[in-house]
Amino acid sequence: MTTPKLYAHPFASYCQKVLIALYENDIAFEYRALTPEHPGAFSELEALWPLKLFPVLVDGGHTVIEASIIIEHLQVHRPGPVRLIPEDPRTALAARFMDRVFDNYVATPQAKLVLDRLRPAESRDPFGVAEARARLDTAYRWLDEVMAGREWAAGDVFSLADCAAARALFYADWTHPIPEAFANVRAYRRRLLARPSFARAVEEARPYRPLFPLGAPDRD
Ligand SMILES: N[C@@H](CCC(=O)N[C@@H](CS)C(=O)NCC(=O)O)C(=O)O
């Protein structure tokens, strides 16, 4: 069996989602890091996926795109002791739903706030930024109720949804802090930071913190 290749950047939110999955099951891979030390990696990525978004996994004959689909692929082709797509179909459905929640309603508005800062001053979108902040506030409030009775996003077991949640809540709290009143969300974010797979991804990304467009806070 050949070693899969991952095109990714250590500091990128969607890449960390997949790195967590790889680390959870100790899956060996060749890291085609999209960093200046690997000048050819970006043109290889572009040849694989014209949209040039990352992560992309190349595994045998498969070019696998979209972080959630990569994690689904790993479950099928490289299963390990940690089932990130739960065996019980109802729990799997809950995991997939919460995965969508973290990508669509936490990571997406968080990215809006960051990407707006990268625009030329005259092309900024204050209305869209206000909408994104309001969406994050609503998502935090909803999540606080959901997480009141759960250790992990889909219940008792660590899953795809927690891979999505870890980096989404990590960067969302930097960007639009989670209010202290939402103690369940804050405690869940701390649990995620203590999970060895995510702790490793955070450590590997630490040198890149000066790249954070809003200025990284002096904390995890
Ligand atoms: N829906 C994609 C999103 C991937 C994505 O937005 N990746 C970011 C890095 S976290 C990216 O490629 N940014 C570069 C760009 O927008 O040109 C997924 O789930 O993998």
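A pocket, in the sense used in these legends, is an open set of points on a 1 Å grid over the protein atoms alone, with protein on both sides within 12 Å along at least five of seven lines. The views below are all taken from a predicted model.

**View 1. The largest pocket of the predicted model and the residues that line it.** The volume of the largest pocket is about 890 Å³, and its lining is made up of 28 residues, among which Ala 12, Ser 13, Tyr 14, Phe 54 and Ala 111 lie nearest the centre of the pocket. Two or more lining residues are given by each of the elements α1 (13-24), α3 (67-77) and α4 (89-118), and it is α4 that supplies the largest share, with nine residues. Divided by class, the lining of this pocket holds 18 nonpolar residues together with five polar and five charged ones.

**View 2. The ligand and the shell of residues around it.** The space that the ligand takes is the largest pocket. Around the ligand stand Ala 12, Ser 13 and Tyr 14, then Leu 53, Phe 54 and Pro 55, and finally Glu 66 and Ala 67; by class, this shell divides into six nonpolar residues, one polar residue and one charged residue.

**View 3. Polar atoms of the protein beside the nitrogen and oxygen atoms of the ligand.** For Phe 54, a backbone N or O atom lies 2.7 Å from a nitrogen atom of the ligand, whereas for Glu 66 an N or O atom in the side chain is 2.8 Å from a nitrogen atom of the ligand. An oxygen atom of the ligand, in turn, has a backbone N or O atom of Ala 67 at 3.0 Å. The ligand taken alone exposes 510 Å², and 66% of that area is buried by the protein.

**View 4. The cis peptide bond between Phe 54 and Pro 55.** Most peptide bonds are trans. The bond that joins Phe 54 and Pro 55, however, is cis, with an omega of about 20 degrees. Pro 55 lies in the loop between α2 (41-48) and β3 (56-59), and both Phe 54 and Pro 55 are among the residues around the ligand.

**View 5. The backbone at Asp 26.** Most residues other than glycine have a negative phi. Asp 26, although not a glycine, has a positive phi of about 50 degrees, and its place in the chain is the loop between α1 and β2 (30-33).

**View 6. The largest cavity and its lining.** The structure holds one cavity of 30 Å³ or more, and the space in the largest cavity amounts to about 50 Å³. Its lining includes Ala 21, Asn 25 and Ile 27, as well as Ile 71, Leu 74 and Gln 75, and also Arg 78, Pro 79, Gly 80, Val 82 and Leu 84. The largest share of this lining, three residues, comes from α3, and by class the lining has seven nonpolar residues, three polar residues and one charged residue.

Definitions and conventions. Residues are numbered from 1 along each chain as its sequence is written. This is a predicted model: local features need pLDDT of at least 70, side-chain atom pairs count only at pLDDT 80 or more; totals for chains, interfaces and linings use all residues. Side-chain values use heavy atoms; hydrogens and water are left out. A residue is near a molecule or strand if one of its heavy atoms lies within 4 Å of it. A polar contact is a pair of N or O atoms within 3.5 Å; within protein, one must be able to donate a hydrogen and the other to accept it, and residues adjacent in sequence count only if both atoms are side-chain atoms. Accessible areas come from the Shrake-Rupley method with a 1.4 Å probe; for residues, only the protein chains shown count as cover. On a 1 Å grid over the protein atoms alone, a cavity is a set of points where a 1.4 Å probe fits but cannot get out, and a pocket is an open set with protein on both sides within 12 Å along at least five of seven lines; lining residues have an atom within 4 Å of a point. A molecule sits in a cavity or pocket if more than half of its atoms lie within 2 Å of its grid points. Ala, Val, Leu, Ile, Met, Phe, Trp, Tyr, Cys and Pro count as nonpolar, Asp, Glu, Lys and Arg as charged, and the others, Gly among them, as polar. Grid points are joined across faces, edges and corners, and a volume is the space filled by probe spheres set on the points. Helices (H or I, at least four residues) and strands (E, at least two) are DSSP runs, numbered from the N terminus.
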